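User: Hey, can you walk me through this one? I'm new to reading structures, so plain words please.
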Amino acid sequence: MTSDSHNNKARRAALISLSFGGAIGLMFLMLGCALPIYNQYWPLFVLFFYILSPIPYCIARRLVDDTDAMSNACKELAIFLTTGIVVSAFGLPIVFARAHLIEWGACALVLTGNTVIFATILGFFLVFGSNDDFSWQQW
């Protein structure tokens, strides 16, 4: 077996694992919304944060060169913005629970889903974003 086919099998296994992680995270989010004891769909607003979180880093990777001195500042700004988005995703359910829009149990389920989803997003960038030959055209 060549190393290229082994690499493709490893990528395929990583993609399946990441898909499973994303499904589990979304399941926790949906449970926090749709269980009959909670029955409030306010936590679905965290979906916007899931969509927004990878955007600053993707833009920074496209704009800068690794040899450029400004690339470090651009990447740090992207990481700062991403951190703000992630913290906001964790803060929103807590604010909803303190405002009595959702129950604390629903908040705990949404926070668990946030942890799984953001770990999945991080895993995607660690597995598929570190290669020089990576391109979005593979998908």
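Analyst: Sure, let's start with one residue: P93 is buried, with a relative accessibility of 1%. One thing to keep in mind is that this is a predicted model.

User: Why does 1% make P93 buried?
Analyst: Because buried means under 20% relative accessible area, and P93 comes in at 1%.

User: Where does P93 sit?
Analyst: P93 is part of helix α4. In space, its C-alpha atom is 8.8 Å from that of W104, and the two residues are 11 apart along the chain.

User: Got it. What about F90, which helix is that in?
Analyst: F90 is in helix α4. F90 is partly exposed, at 25% relative accessibility. Its C-alpha lies 8.4 Å from the C-alpha of V110, with their positions 20 residues apart in sequence.

User: Let's zoom out. How many helices and strands does the protein chain have?
Analyst: Five helices and zero strands. Reading from the N terminus, the order is α-α-α-α-α.

User: And how much of the chain is buried?
Analyst: The protein chain has 139 residues, and 31% of them count as buried.

User: Does UniProt have anything on it? I'd like to know which residues are covered by "transmembrane region".
Analyst: The unreviewed UniProt entry puts that annotation on residues 12-38, 44-64, 76-96 and 102-128. Annotations like this may be inferred rather than shown by experiment.

User: What does the model look like over residues 12-38?
Analyst: That stretch is 85% helix and 0% strand, and its end C-alpha atoms are 37 Å apart. For residues 44-64, the chain is 76% helix, again with 0% strand, and the end C-alpha atoms are 34 Å apart.

User: Switching topic: which residues make the nonpolar surface patch?
Analyst: The patch is made by W42, F45, F48, I51, L52, I55, I59, L63 and L101, and its area is about 870 Å². Helices α2 (46-52) and α3 (55-63) each give at least two residues to the nonpolar patch.

User: Pick one from the patch. Is L63 buried or exposed?
Analyst: L63 is exposed, because its relative accessible area is 66% and the cut-off for exposed is over 50%. L63 belongs to helix α3.

User: And I55, buried or partly exposed?
Analyst: Partly exposed, with a relative accessible area of 38%. I55 is also in helix α3. From C-alpha to C-alpha, I55 and L81 are 9.4 Å apart, while in sequence they are 26 residues apart.

User: Where is F45, then?
Analyst: F45 sits in the loop between α1 (3-34) and α2. At 38% relative accessibility, F45 is partly exposed. A89 is 44 residues away from F45 along the chain, yet their C-alpha atoms are separated by 8.7 Å.

User: Okay, pockets now. What volume does the largest pocket have?
Analyst: About 350 Å³.

User: How many residues line the largest pocket, and which lie nearest its centre?
Analyst: There are 16 lining residues, and Y57, T82, I121, L122 and F125 are the ones nearest the centre.

User: Which helix gives the most to that lining?
Analyst: That would be α5, with six residues. Helices α3, α4 (70-98) and α5 (104-128) each supply at least two residues of the lining.

User: How does anyone find empty space like that?
Analyst: The general idea is to roll a probe the size of a water molecule over the atoms, which shows where empty space is left.

User: Nice. Last topic: which residues other than glycine have a positive phi?
Analyst: Two to look at are N39, with phi near 50 degrees, and H100, with phi near 60 degrees.

User: Where are N39 and H100?
Analyst: N39 is in the loop between α1 and α2, and H100 is in the loop between α4 and α5.

User: What about accessibility for N39 and H100?
Analyst: N39 is partly exposed, with a relative accessible area of 46%. H100 has 69%, so H100 counts as exposed.

How values were computed. Residues numbered from 1 in each chain as written. Predicted model: local features only at pLDDT ≥ 70, side-chain atom pairs only at ≥ 80, totals over all residues. Heavy atoms only, no water. Helix = DSSP H or I, 4+ residues; strand = E, 2+ residues; numbered from the N terminus. Patch = residues over 30% accessible without salt bridge, like charges linked within 9 Å, V, L, I, M, F, W, Y side chains within 5 Å. Areas by Shrake-Rupley, 256 points an atom, 1.4 Å probe, with all protein chains shown as cover. Salt bridge = Lys/Arg side-chain N within 4 Å of Asp/Glu carboxyl O. Buried < 20%, exposed > 50% of the residue type's maximum accessible area, 1.4 Å probe, protein only. 1 Å grid on protein atoms, 1.4 Å probe; cavity = no way out; pocket = protein on both sides within 12 Å on 5 of 7 lines; lining within 4 Å. Points joined across faces, edges and corners; volume = space filled by probe spheres on them.
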